[in-house]
Amino acid sequence: GSPKKTTKQPLTKHPYEKAGSYPVTVTVTDKHNQTADASINQRVVPPGSRNLISYPTEDPYVTVSSTPTQAKVNEPVKFDASPSHDMDGEPLKKYIWDFGDGSP
């Protein structure tokens, strides 16, 4: 993988040398040295590709969002992975969710 890049700004750029789907994570630190992480899957296609969805890769493309992004205790959170798709741009057949709190 790529070496980690540390910045003091919330924006950065990174060029990819090969097509594929890459997990990208950012870890932030506040003035109290508290940290938090966020991640996305970045899709990269060859130069000149016209149809970004149909470029075949081995793995499906997955992305997820949450609403609200900061919930109160016992407030239901909606998680949406509907933009995710397989290498042909078709819907995925199974989603396994882990909410990080030990619940089933």
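This passage walks through a predicted model of a protein chain, from its overall make-up to a few local details.

The overall picture comes first. The protein chain has 104 residues, and 8% of them count as buried. Its secondary structure consists of four strands and zero helices, and the order along the sequence reads β-β-β-β. The accessible surface adds up to about 9600 Å², with 53% of that area belonging to carbon and sulfur atoms. Among the contacts with a separation of 6 or more, 24% are made between residues that lie 24 or more positions apart.

A good place to begin a closer look is strand S1, which spans residues 20-29 and holds threonine 25. Threonine 25 has a relative accessible area of 54%, and because exposed means over 50%, this residue is exposed. Setting aside residues up to four places away in sequence, threonine 25 touches Asp37, Ala38 and Ser39. With alanine 38, the C-alpha to C-alpha distance is 5.7 Å, while the two residues are 13 apart in sequence.

The loops come next, and they offer some backbone details. As a general background, most residues other than glycine have a negative phi, and most peptide bonds are trans. In the loop between S1 and strand S2 (35-44) lies asparagine 33. Although asparagine 33 is not a glycine, its phi is positive, at about 65°. The relative accessible area of asparagine 33 is 64%, so this residue is exposed.

Further along the chain, the loop between S3 and S4 contains asparagine 74. Here too the residue is not a glycine, yet asparagine 74 has a positive phi of about 70°. Asparagine 74 counts as exposed because its relative accessibility is 78%. Proline 68 is also found in the loop between strand S3 (65-67) and S4. The peptide bond that joins threonine 67 and proline 68 is cis, with omega at about -5°.

Attention now turns to the aromatic residues. The model contains four aromatic pairs. In one of them, the ring centres of phenylalanine 79 and tryptophan 97 are 6.2 Å apart; the planes meet at 45°, which lies between the limits of 30 and 60 degrees, so the pair is tilted. This pair connects distant parts of the chain, since its partners are 18 residues apart: phenylalanine 79 sits in strand S4 (residues 78-80), and tryptophan 97 belongs to the segment after S4. Tryptophan 97 also forms an aromatic pair with phenylalanine 99. In that pair the centres are 6.3 Å apart and the planes differ by 5°, an arrangement that counts as stacked. Through these ring pairs, Phe79, Trp97 and Phe99 are linked into a cluster.

How buried or exposed are the members of this cluster? With a relative accessibility of 39%, phenylalanine 79 falls in between the two, so this residue counts as partly exposed. Tryptophan 97 is likewise partly exposed, because its relative accessibility is 38%. Phenylalanine 99 has a relative accessible area of 42% and is therefore partly exposed. The three residues also take part in a nonpolar surface patch, where Phe79, Trp97 and Phe99 are joined by Val64 and Tyr95. Together, the residues of this patch have about 490 Å² of accessible area.

The last stop is serine 84, which is placed in the segment after S4. At 4% relative accessibility, serine 84 lies under the 20% limit and therefore counts as buried. A polar atom of the serine 84 side chain lies 2.9 Å from the backbone oxygen of alanine 81. Leaving out neighbours within four places in sequence, serine 84 is in contact with Tyr61, Val62, Thr63, Leu92 and Tyr95. Tyr95, one of these contacts of serine 84, is also one of the residues of the nonpolar surface patch.

Methods. Residues numbered from 1 in each chain as written. Predicted model: local features only at pLDDT ≥ 70, side-chain atom pairs only at ≥ 80, totals over all residues. Heavy atoms only, no water. Phe/Tyr/Trp six-rings, centres within 6.5 Å; stacked < 30°, edge-to-face > 60°. Helix = DSSP H or I, 4+ residues; strand = E, 2+ residues; numbered from the N terminus. Buried < 20%, exposed > 50% of the residue type's maximum accessible area, 1.4 Å probe, protein only. Patch = residues over 30% accessible without salt bridge, like charges linked within 9 Å, V, L, I, M, F, W, Y side chains within 5 Å. Areas by Shrake-Rupley, 256 points an atom, 1.4 Å probe, with all protein chains shown as cover. Salt bridge = Lys/Arg side-chain N within 4 Å of Asp/Glu carboxyl O. Contact = heavy atoms within 4.5 Å. Polar contact = N/O pair within 3.5 Å; in protein donor to acceptor, adjacent residues only side chain to side chain.
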